[in-house]
Amino acid sequence: EILWNADPKFWKRHSPVLFPNVGKTWHNVVKIQGEQYPTSQHGFARDHDFKCIYAGKEEVKFLLTSTDEMKEVYPFDFELMITHRLDGDKVDIQWQVKNTGDHPMHFTIGGHPGFNVPVLPDTEYSDYALKFAEDQDELHFIHIDMNTGTGLPDKVYTMTLTDHKYQLRKDLFDLDALVFDGGQIRQAGIVMPDGSDYLTLLCDGFPNFGIWAAPGAPFVCLEPWCGRCDNFGYEGELQDKPGINSLNVDETFKKVYSIVIG
């Protein structure tokens with residue numbers, strides 16, 4: 001199998017959707033119209049059951065609708081529909097967020113699929129590499145403050161690529177996720193020890209991206225995001241947060257990323 005098996009020894013999830021917030025907020029609260037609401041890392045959508053509203057041979061649709069319980073921590077009415085569509089060796093994942101309330105809503109949303117590494121017998125984690133777009137020879141990322149889970153944008157690191165690849169290492173995520181801003185990553189993949197493609201995630205137009213694994217775990221997550229965690233010390237309104245997505249009444253947000261196998 002390609003998708004991580006959710007072994008709780010390392011990480012108990014497969015591919016959660018991150019909504020209505022990606023990552024953590026400063027002190028685990030968010031300010032909306034002057035009121036503070038508690039938040040949890042990556043939001044609450046991943047911990048709720050979605051309703052299957054369509055199941056076909058090559059497409060499934062799932063819907064999550066706001067409830068009074070959700071509005072205690074996120075005071076907006078919404079519908080979040082996720083569609084998975086198979087197309088040969090590719091699966092498209094579409095998010096559709098609709099504001100069903102009577103005032104503007106604000107959110108971030110992200111994907112978090114984990115992929116098994118290593119997958120071939122007699123190979124190790126460090127035999128595999130990350131692979132990016134062919135015209136890229138370096139990328140720039142920030143780290144996350146380990147105590148608060150918030151971004152540290154004042155210190156930017158360079159990932160130097162060799163033939164648009166970067167070798168995986170067991171210690172690569174000792175300081176948590178690598179966070180790439182500015183729409184740098186249009187595609188990210190994993191290559192086998194012989195250099196052949198294992199999988200490629202296509203995400204052109206996504207402003208943020210995370211790469212993460214639990215320390216020592218046999219997987220790597222490639223995470224396309226629209227928005228991300230708060231910056232360290234951010235105490236402003238949610239609507240003013242850098243990278244926030246906003247919807248007026250009855251507006252709909254749509255975004256698609258794809259995973260290509262091989």
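What percentage of the 262 residues of the protein count as buried? In this predicted model, the share counted as buried is 50%.

**Figure 1. Overall fold and dimensions of the predicted model.** The protein comprises one helix and 21 strands. Its C-alpha atoms occupy a box of roughly 55 × 50 × 35 Å along the principal axes. The radius of gyration is 18 Å, which agrees with the value near 18 Å for a compact globule because the chain has 262 residues. Of the contacts between residues at least 6 apart in sequence, 65% link residues at least 24 apart. The exposed surface amounts to about 12600 Å², and carbon and sulfur atoms contribute 48% of this area.

**Figure 2. Surroundings of Lys-61 in strand S5.** Strand S5 spans residues 59-65 and includes Lys-61. The relative accessibility of Lys-61 is 19%, so this residue counts as buried, the cut-off being under 20%. With neighbours within four places in sequence left aside, Lys-61 makes contact with Lys-51, Cys-52, Ile-53 and Tyr-54, and also with Met-81, Ile-82, Thr-83 and Arg-85.

**Figure 3. The largest cavity and its lining residues.** Searching the whole structure yields one cavity of 30 Å³ or more. The largest cavity holds about 40 Å³ of space. Its lining consists of Tyr-125, Arg-169, Lys-170 and Phe-173, together with Ala-213, Ala-214, Pro-215, Gly-216 and Ala-217. Classified by type, six of the residues lining the largest cavity are nonpolar, one is polar and two are charged.

Technical notes:
Residues numbered from 1 in each chain as written. Predicted model: local features only at pLDDT ≥ 70, side-chain atom pairs only at ≥ 80, totals over all residues. Heavy atoms only, no water. 1 Å grid on protein atoms, 1.4 Å probe; cavity = no way out; pocket = protein on both sides within 12 Å on 5 of 7 lines; lining within 4 Å. Points joined across faces, edges and corners; volume = space filled by probe spheres on them. Nonpolar A, V, L, I, M, F, W, Y, C, P; charged D, E, K, R; others polar. Helix = DSSP H or I, 4+ residues; strand = E, 2+ residues; numbered from the N terminus. Buried < 20%, exposed > 50% of the residue type's maximum accessible area, 1.4 Å probe, protein only. Contact = heavy atoms within 4.5 Å. Rg over C-alpha atoms; globule rule 2.2 N^0.38 Å. Areas by Shrake-Rupley, 256 points an atom, 1.4 Å probe, with all protein chains shown as cover.
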